[in-house]
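Please work through the exercises below with the model open beside you, and try each task before you read its solution.

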Amino acid sequence: MKDIKQNLLGGKNQFWYIIGGVILLGGISFFVYRGIKRKNALKKQEEEDKLKEEEVKKLEENAQGTESEDSEVGDTIFPKRNVDKAINNKFSDLRGALILPAKKSNNPVEGHPFASGFVNVRETAEVNNPRGFFKDLNIDNLIGKVSAGSPIGTISSEKYDNQDPAMRWFMVKLSKPIKGWKYGWVRADAVTFKPFSKKSKFSGFSGDDFVVRYNNSFQLGGTVFPHTSPPY
């Protein structure tokens, strides 16, 4: 009888060992898969960067600045914001400009009252964060964060997302690579820039910056402001 009980207990222990091993193996496989996917994404990004850099001249010839509110005082460009608190300057004025994270402020040069004091730099022009109980099972597009006071990078292109109203995003050539990424997307309501002269705007504009044009048919501004809360 004793031997039977020991055999039963031993069988149960083996069963749980097997279950534990399967769970452990599954967890390891997931993190390996995620690491490989991230590595492939970085490689793909590098390849896309090279292709875009080669096409810079053609893209610039076809580029047309987004029409929005004038923001000039003499020869100086100041930040202008729409009702969604997004930078509303013409793209032709912003291309190559150095941007920084917006601060919580009533001064549009520093930011706006709903700013978080940092900016999320993302792989794509969308807010894609892990949600739900199993957060680690969700793949997000966050590259990293840049805090207020530190430069993000120079504007290379722009895009509008599928929100209602559509939000403006900037692709920037990062001042410092983040996790190997040289370029990233930031939302226009999370950033600002220091007033600059048109003559000096391109003094820090690198020749390998590029311009990508997207569908800009969306109307800037809107009648509501649903994007007041971070993360951007």
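**Exercise 1.** Find which residue stands opposite tryptophan 181 of strand 10, and then describe how strand 9 and strand 10 are joined.

*Solution.* In this predicted model, the residue opposite tryptophan 181 in strand 10 is isoleucine 178. Stepping back to the strands themselves, strand 9 covers residues 168–178 and runs antiparallel to strand 10, with six bridges joining the two. The hairpin that they form has two residues between the strands, and lysine 179 takes a positive phi near 55° there. As for burial, strand 10 spans residues 181–187 and is mostly covered, since six of its seven residues are buried.

**Exercise 2.** Decide whether the ring pair of phenylalanine 193 and phenylalanine 196 is stacked, edge-to-face or tilted.

*Solution.* Begin with the cut-offs: ring centres must lie within 6.5 Å, planes under 30 degrees apart count as stacked, and those over 60 count as edge-to-face. By this rule the count comes to one aromatic pair. The ring centres of phenylalanine 193 and phenylalanine 196 are 5.4 Å apart and their planes stand at 50°, so the pair is tilted. Finally, check the surroundings: phenylalanine 193 and phenylalanine 196 are both buried.

**Exercise 3.** Identify where pLDDT stays under 50, and say how such coordinates should be read.

*Solution.* Start from the whole chain, which averages a pLDDT of 74, with 59% of the residues scoring at least 70. Among the stretches where pLDDT stays under 50 are residues 56–70, which have 31 contacts beyond four places in sequence in the model, and residues 202–226, which have 71 such contacts. Where pLDDT is low, the predicted coordinates should not be read in detail.

Methods: Residues numbered from 1 in each chain as written. Predicted model: local features only at pLDDT ≥ 70, side-chain atom pairs only at ≥ 80, totals over all residues. Heavy atoms only, no water. Phe/Tyr/Trp six-rings, centres within 6.5 Å; stacked < 30°, edge-to-face > 60°. Buried < 20%, exposed > 50% of the residue type's maximum accessible area, 1.4 Å probe, protein only. pLDDT = per-residue confidence, 0-100. Contact = heavy atoms within 4.5 Å. Helix = DSSP H or I, 4+ residues; strand = E, 2+ residues; numbered from the N terminus. Pairing = 2+ DSSP bridges.
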